[in-house]
Amino acid sequence: MSEANIAAVRATAEPTVVVDDVHLVYKIIGKSGKGGAPAALRRMILRESLPGMRQVHAVRGVSFTAYRGEAIGLIGPNGSGKSTLLRAIAGLMPPASGAIYTQGQPSLLGISAAMMSDMTGERNVVLGCLALGMKPSEIAEQYEQICEFAGIGEFISLPMSTYSSGMGSRLRFAIAATRTHDILLIDEALATGDAQFRRRSEARIRELREQAGTVFLVSHGLGVVRQSCDRAIWLEEGKIVVDGEANAVVDAYEERHDPEALAERLAVLRGNATAMSDADQESSI
Ligand SMILES: Nc1ncnc2c1ncn2[C@@H]1O[C@H](COP(=O)(O)OP(=O)(O)OP(=O)(O)O)[C@@H](O)[C@H]1O
């Protein structure tokens, strides 16, 4: 989608997520404070931090609005705050300041809280679907399709503790993708699958978007962001560097962080363009 098309969609579309000057801070408790209960009580009353408490300011003043029907890739180097931002949109982490408003229920892909590693994949499919609010009759209807989508073969009848992290991600994606979500937040699940699984997931993300949801995708796989997203937000040290059309943002990101990958991609594009213009000339002769 071009910048002009994005602007046209935004003019008519309904905002689903508004992130307003959000700061997200982790507090890490170091050594326990001295002075026992009286000192702890004093700290609670005066709202003082524990001695030795460290803070990690993971997201620093991020603002943007997401619209219904958009798929937004969050990209950035390790530790830039992508997953933290996703957790906050899901309502799992309160902002230290600023606010996040959502229209509809956000679902963070990774229903791990409801998944039990010592239970089989089959049992986890049922548990995961129940956690997503599906009725037993709906689960029975969708069950085969979920297993087929996950594509983990006979492992489905083994405990999840025997799965590779990629297999676990595939099953989680398959479960979460059965339902239409108002706001679907996906953290890296697609990066672990093989090419065939990625293609199926990309197609499913497109369907979910068409069913009027908003999809956020955190990924180091820039190809996945190009394929699945129309918009990308590039984060660096907890701040937005660029927010715009996915291909343009990924190009700019590659130029900064992986110029060789960009050069290769441009060479392939140029090669294709030359081949096409040669073919055009031949056909016009
Ligand atoms: N549970 C936590 N407790 C303390 N600090 C954390 C915690 N989780 C993340 N952080 C810190 O917050 C910052 C942002 O981390 P986050 O996981 O959001 O980055 P990311 O962009 O998703 O990284 P990656 O690409 O490596 O997954 C980092 O400095 C990280 O060390």
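**A ligand shell, a core and three loop or strand residues**

Gly153 counts as exposed because just 9 other C-beta atoms lie within 10 Å (the cut-offs are 12 or fewer for exposed, 20 or more for buried, and in between for partly exposed, counting other C-beta atoms within 10 Å of the residue's own, with C-beta atoms placed from the backbone). The model is a predicted one, in which local features need pLDDT of at least 70 and side-chain atom pairs count only at pLDDT 80 or more, while totals for chains, interfaces and linings use all residues. Residue numbers start from 1 along each chain, following the sequence as written.

Gly153 sits in the loop between α5 (136-150) and α6 (165-176). Helices (H or I, at least four residues) and strands (E, at least two) are DSSP runs, numbered from the N terminus. Gly153 is 16 residues from Ser137 in sequence, and their C-alpha atoms are 24 Å apart in space.

Now for two backbone oddities. Asp21 is not a glycine, yet its phi is positive, at about 45 degrees. Asp21 belongs to strand β1, and it is exposed, since 12 other C-beta atoms lie within 10 Å. Glu237 also has a positive phi without being glycine, near 50 degrees. Its spot is the loop between β8 (231-236) and β9 (239-245). With 14 other C-beta atoms within 10 Å, Glu237 is partly exposed.

What surrounds the ligand? The shell is made of Tyr26, Ile28, Val56, Ala58, Gly76, Asn78, Gly79, Ser80, Gly81, Lys82, Ser83 and Thr84 (a residue is near a molecule if its C-beta atom, placed from the backbone, lies within 6 Å of it). Two or more of these residues come from each of β1 (15-28), β2 (54-67) and α3 (82-89). The top contributor is α3, with three residues. Sorted by class, the shell holds four nonpolar, seven polar and one charged residues (Ala, Val, Leu, Ile, Met, Phe, Trp, Tyr, Cys and Pro count as nonpolar, Asp, Glu, Lys and Arg as charged, and the others, Gly among them, as polar).

Then there is the core. Nonpolar side chains tend to be buried together in soluble globular proteins. Here the largest nonpolar core has 54 residues, and Leu74, Leu86, Ile89, Leu185, Phe216, Val225 and Ala232 touch the most other members (such a core is a set of buried Ala, Val, Leu, Ile, Met, Phe, Trp, Tyr and Cys residues joined through C-beta atoms within 7 Å). The largest share of this core, six residues, is supplied by α6. Leaving out residues up to four places away in sequence, Phe216 touches Ile72, Leu74, Leu86, Ile89, Leu185 and Ile186 (contact means C-beta atoms, placed from the backbone, within 7 Å).

Note on methods:
Two residues are in contact if their C-beta atoms, placed from the backbone, lie within 7 Å.
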